[in-house]
Amino acid sequence: MAGIIERYRDRLPVTPETPVVSLEEGSTPLIHAPGLSSILGGDRQVFLKFEGLNPTGSFKDRGMTLAVSKAMEQECRGVICASTGNTSASAAAYAARAGIPCWVVLPAGKVAAGKLAQAIVHGARVIPIEGNFDEALELVVEISEREGITLVNSLNPYRLEGQKTIAFEIIEELGCAPDTHFLPVGNAGNITATWRGYREDHHAGGTPSLPSMIGCQAAGAAPIVGGAPVKNPETIATAIRIGNPASWQGALDAIEQSSGDILAVEDQQILAAYDHLAKREGVFCEPASAASVAGLLKRHETAAQIAPAGGTIVCTLTGHGLKDPDRAIAGVELPAPIPTEMDALRKAMDLT
């Protein structure tokens, strides 16, 4: 199956001379969520856009294929990023595919094991710092400008151009835009890009209506909700532990133009949504992904308007659950082994 550049070439800033660096990203499933639909009632239908099934397990691949392809077109000497995890994994994989160096600067001890492992195994030069993500981003912006290395964080305009294709896929699957779209918000590039995709399709004569965009930040890392940067953001949702989003204004524009909203959800609400998705919908996502569903449930609990009766809601799930394996098994203690006997098995299964 073709990646997003080949599928949407006429809507992306590429030319016949652009060397396409692809892992066949995109085409992720839009999964109906009967449990969430039942909770909302009123014949409302909830769908999960599961970006965890991209090649490196997160939505970052959509933007990275375009950013690295354009970097190769410009004969770059390598790519660099600051990361809370998913960007580093994606940048490392696409750099490996392109045969170029990749440097990753990340906050020490703040990146989930699954993501760090990906960056390492793909051959990136991983450089931990004592500061947080926002400080890491300041460093890589400066050194990329000084050394002529291509920055592949969402400040790179091609990243958002690639990420907007998620909206095209949702419209193709539903036949129109949803009434409401919930997304986790960390560095805010995803909500910015998704809204761009919806608007472009609308202006091109595609979908007749536009969704309301609802951004969901972790309460301990909610600068847009609070209206000011957070110096030391803290949340179990490591992928959105960002105190000063690079695409802050883009997120505000998406929310204002779509008559949307920005919410803060507590860590316990994120974990409750994480458990619901795994145990009732059969979808295993990383905690940050569940922030979108936590926001949906929070609005439902407060009787806030979500979508009209019979309406459609999409929640973006940004990354796969295996990105953060430590969270999945935290607090889990396996029972002691049983004898290899049928009676013991029946007892363990509560069948006797």
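## A buried alanine in a loop

Ala290 is buried, with a relative accessible area of 0%. This is a predicted model, so please read every value here as computed from predicted coordinates. Along the chain, Ala290 sits in the loop that joins helix 12 (267-280) to helix 13 (291-301).

Which residues does Ala290 touch, once its neighbours within four places in sequence are left aside? The contacts are Ile270, Ala273, Tyr274, Leu277 and Cys285. For Ile270, the backbone positions can be compared too: its C-alpha atom is 5.6 Å from that of Ala290, although the two residues are 20 apart along the chain.

## Thr316 and its surroundings

Next, have a look at Thr316, a residue of strand 10 (residues 312-317). Is Thr316 buried or exposed? Its relative accessibility is 0%, so Thr316 counts as buried.

The side chain of Thr316 has a polar partner: a polar contact of 2.6 Å links it to the side chain of His181. His181 also appears among the residues in contact with Thr316 when neighbours within four places in sequence are set aside. That list includes Phe182, Leu183 and Pro184 as well. Lys49, Glu51, Ile166, Asn190, Ser289 and Ser292 are also in contact with Thr316.

## The cavity

How many cavities of 30 Å³ or more does a search of the whole structure find? The search turns up one. The largest cavity holds about 270 Å³ of space. Its lining is made up of 25 residues, and those closest to the centre are Phe59, Lys60, Asn187, Ala239 and Ile242.

Three helices are worth picking out on your screen: helix 4 (86-98), helix 7 (157-163) and helix 9 (189-203) each give at least two residues to the lining of the largest cavity. By residue type, that lining consists of 13 polar, 10 nonpolar and two charged residues.

## Cysteines without a disulfide

If you are wondering about disulfides, the count is zero, with a pair of sulfur atoms needing to be within 2.5 Å to qualify. Cys81 is in no disulfide, and the nearest cysteine sulfur, which belongs to Cys102, is 5.4 Å away. Because 5.4 Å lies outside the 2.5 Å limit, Cys81 and Cys102 are not counted as a disulfide. Cys176 is likewise in no disulfide; the nearest cysteine sulfur, that of Cys315, is 16 Å away.

What about the accessibility of these two cysteines? Cys81 has a relative accessibility of 0% and therefore counts as buried, while Cys176, at 31%, counts as partly exposed.

Notes. Residues are numbered from 1 along each chain as its sequence is written. This is a predicted model: local features need pLDDT of at least 70, side-chain atom pairs count only at pLDDT 80 or more; totals for chains, interfaces and linings use all residues. Side-chain values use heavy atoms; hydrogens and water are left out. Buried means under 20% relative accessible area, exposed over 50%, partly exposed in between (1.4 Å probe, protein chains only). On a 1 Å grid over the protein atoms alone, a cavity is a set of points where a 1.4 Å probe fits but cannot get out, and a pocket is an open set with protein on both sides within 12 Å along at least five of seven lines; lining residues have an atom within 4 Å of a point. Grid points are joined across faces, edges and corners, and a volume is the space filled by probe spheres set on the points. Helices (H or I, at least four residues) and strands (E, at least two) are DSSP runs, numbered from the N terminus. Ala, Val, Leu, Ile, Met, Phe, Trp, Tyr, Cys and Pro count as nonpolar, Asp, Glu, Lys and Arg as charged, and the others, Gly among them, as polar. A polar contact is a pair of N or O atoms within 3.5 Å; within protein, one must be able to donate a hydrogen and the other to accept it, and residues adjacent in sequence count only if both atoms are side-chain atoms. Contact means heavy atoms within 4.5 Å.
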